[in-house]
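Me: I'm new to this structure and would love a close look at one part of it. Could you walk me through the places where small molecules sit, and then show me what is packed around there?

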Amino acid sequence: MKKILVTGGAGFIGSNFVQMVLSEYHDCFLVNLDKLTYAGNLENLSSFADNPNYKFIKGDICDSKLVCDIMDEYKIEAIVNFAAESHVDRSITGPKIFIDTNVNGTLTLLEAARDRDIERFVQISTDEVYGSLELSGGQFTEDTPISPNSPYSASKAASDHLVKAFGHTWGLKYNITRCSNNYGQYQFPEKMIPLMINNALNDKELPVYGDGLYVRDWLYVYDHCTAIWKVLTDAEPGQIYNIGGCNEKSNLEVVDIILKRLGKPKSLIKHVKDRPGHDRRYAIDATKIITELGWKPSVTFEQGIIKTIDWYLENTKWLENIVSGDYQKYYQQMYDARQ
Ligand code: NAD
Ligand code: DAU
């Protein structure tokens, strides 16, 4: 039985990954270490709480003793590190926690992994470490120089460098994945797609930053999870993989699809003050993972976005539970600052 430590498994992508592994691979034991920040939500995993192949532990990846105790008690063979502060806007208003978790937390995990010579350390990184592309063309490959622009992406780039340094210096067997924007079930509604769905459902304005012509390369979250699994189980150590769906869309195009599906008017769109340092475009060349590991996405954006909108429509209680907490205060502050 493979024993895997998943960090940040109560968040959006982490909880989708835990669900996928527990449902599809019955020879794995997963320990989920999560601090349960505002973004962590155990509701995402409520149907797996009693699964004999799963153990949840509330805690911080910066807590070296806790991490080492878990590694020893559960004889951990691999780590998949999802735990992070993940929202660019929050990194602009308060960058310090991004360094604490994304850099120092990753360092803590790396030290524990190195000292136990584990089979694999998979760092879940992001295409944002490459910086921004022009609207007119080009894609990020694994050889694109790292050039992060926000405190969030700078912290993720720093952790990527640390992971590589542990491989180079101590022979840690690692992989790094750099994925484009994810969307799908259980995404916290500070992120663009669920935020727009939630606002449209409540007939609230949809705050589009700047001209709305910023482009993201959207990938359905389940397809990100299958790619991570391929990397964890099939990749050679030391390899970096870009992951993306070849689904470039401007923010206005995405908002338009959401409004149409929900039968809401375009008049809900409100152009607001832009995000400082807003990256214009991300686009991923995923040739390496497709050709080397045989991965491919299971859905197009047009299919995935309908599944996603319908999931939020069917899970209004999940959304309400979040929105009724501190979220409203956060949203109002962000919204007011953009007027
Ligand atoms: P998320 O914000 O939804 O979840 C992050 C999780 O990490 C939460 O459950 C939170 O409680 C936990 N966490 C935060 N700090 C922690 C700490 N110090 N110790 C333990 N747990 C902690 O994030 P997400 O969107 O699911 O992203 C997961 C990972 O994937 C991140 O590393 C992010 O950089 C990366 N990524 C995200 C996207 C995307 O589109 N969302 C795309 C590419 C890469
Ligand atoms: O590319 C991968 C990255 O994608 C991940 O590493 C990050 O963790 C994840 O948060 C995401 O970053 P973005 O900044 O691209 O995602 P966000 O959902 O915040 O914004 C997507 C686009 O929508 C971006 O151009 C900003 C815009 N936007 C966002 C919000 C929240 C709006 O126009 N209005 C909004 O209210």
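Reply: Happy to! Let's start at ligand 1, where a nitrogen atom lies 3.0 Å from a backbone N or O atom of isoleucine 61. Please keep in mind as we go that this is a predicted model.

Isoleucine 61 uses its backbone here, and threonine 37 does likewise: one of its backbone N or O atoms lies 3.0 Å from an oxygen atom of ligand 1. Threonine 101 reaches ligand 1 with its side chain instead, placing a polar atom 3.0 Å from a nitrogen atom of the ligand. If you zoom out a little, you will find 28 residues around ligand 1. The ones that come nearest are Ile13, Asp34, Ser86, Tyr152 and Lys156.

Keep your eye on Tyr152, for it takes us to the next molecule. Tyr152 is also listed with Thr126, Asp127, Arg275 and His278 as the closest residues to ligand 2. In total, 24 residues surround ligand 2.

Which atoms of histidine 278 and ligand 2 lie 2.7 Å apart? On the protein side it is a polar side-chain atom of histidine 278, and on the ligand side an oxygen atom. Asparagine 251 also offers a polar side-chain atom, which lies 2.9 Å from an oxygen atom of ligand 2. Proline 207 takes part through its backbone: a polar atom there is 2.8 Å from a nitrogen atom of the ligand.

Asparagine 251 is a handy place to move on from ligand 2 to the helices. Helix 8 covers residues 251-262, and Asn251 is one of the helix 8 residues that meet helix 6. Alongside Asn251, helix 8 brings Val254, Val255, Ile258, Leu259 and Leu262 to this contact. From helix 6, the partners are Met192, Ile193, Met196, Ile197, Ala200 and Leu201. By class, these residues divide into 11 nonpolar, one polar and no charged.

How are the two helices arranged? The axes of helix 6 and helix 8 come within 10 Å and cross at roughly 40°, so these helices are oblique to each other. Their crossing is right-handed.

Helix 10 (residues 301-314) joins the picture too, and it also packs against helix 8. The axes of helix 8 and helix 10 come within 11 Å, crossing at roughly 55°. That angle is why helix 8 and helix 10 are oblique to each other. Helix 8 passes helix 10 in a right-handed crossing. On the helix 8 side, Val254, Ile257, Ile258, Arg261 and Leu262 take part, meeting Phe301, Ile305, Ile306, Ile309, Asp310 and Leu313 of helix 10. This contact has nine nonpolar, no polar and two charged residues.

The remaining pair is helix 6 (residues 192-201) with helix 10, whose axes are 11 Å apart at an angle of about 50°. Helix 6 and helix 10 are therefore oblique to each other, and they cross in a right-handed way. Ile193, Pro194, Ile197 and Leu201 of helix 6 meet Phe301, Ile305, Thr308, Ile309, Tyr312 and Leu313 of helix 10. Sorted by class, that contact has nine nonpolar, one polar and no charged residues.

It may help to follow a few residues across these contacts. Ile193, Ile197 and Leu201 of helix 6 meet helix 8 and also meet helix 10. Val254, Ile258 and Leu262 of helix 8 likewise meet helix 6 as well as helix 10.

Definitions and conventions:
Residues are numbered from 1 along each chain as its sequence is written. Chains are lettered from A and ligands numbered from 1 in the order in which they are written. This is a predicted model: local features need pLDDT of at least 70, side-chain atom pairs count only at pLDDT 80 or more; totals for chains, interfaces and linings use all residues. Side-chain values use heavy atoms; hydrogens and water are left out. Axes are lines fitted to C-alpha atoms, for helices over the stretch in contact, and angles run from 0 to 180 degrees between N-to-C directions. Helices (H or I, at least four residues) and strands (E, at least two) are DSSP runs, numbered from the N terminus. Angles under 35 degrees count as roughly parallel, over 145 as roughly antiparallel, 65 to 115 as roughly perpendicular and the rest as oblique. A crossing is left-handed if the near helix is turned anticlockwise from the far one by less than a right angle, and right-handed if clockwise. Contact means heavy atoms within 4.5 Å. Ala, Val, Leu, Ile, Met, Phe, Trp, Tyr, Cys and Pro count as nonpolar, Asp, Glu, Lys and Arg as charged, and the others, Gly among them, as polar. A residue is near a molecule or strand if one of its heavy atoms lies within 4 Å of it. A polar contact is a pair of N or O atoms within 3.5 Å; within protein, one must be able to donate a hydrogen and the other to accept it, and residues adjacent in sequence count only if both atoms are side-chain atoms.
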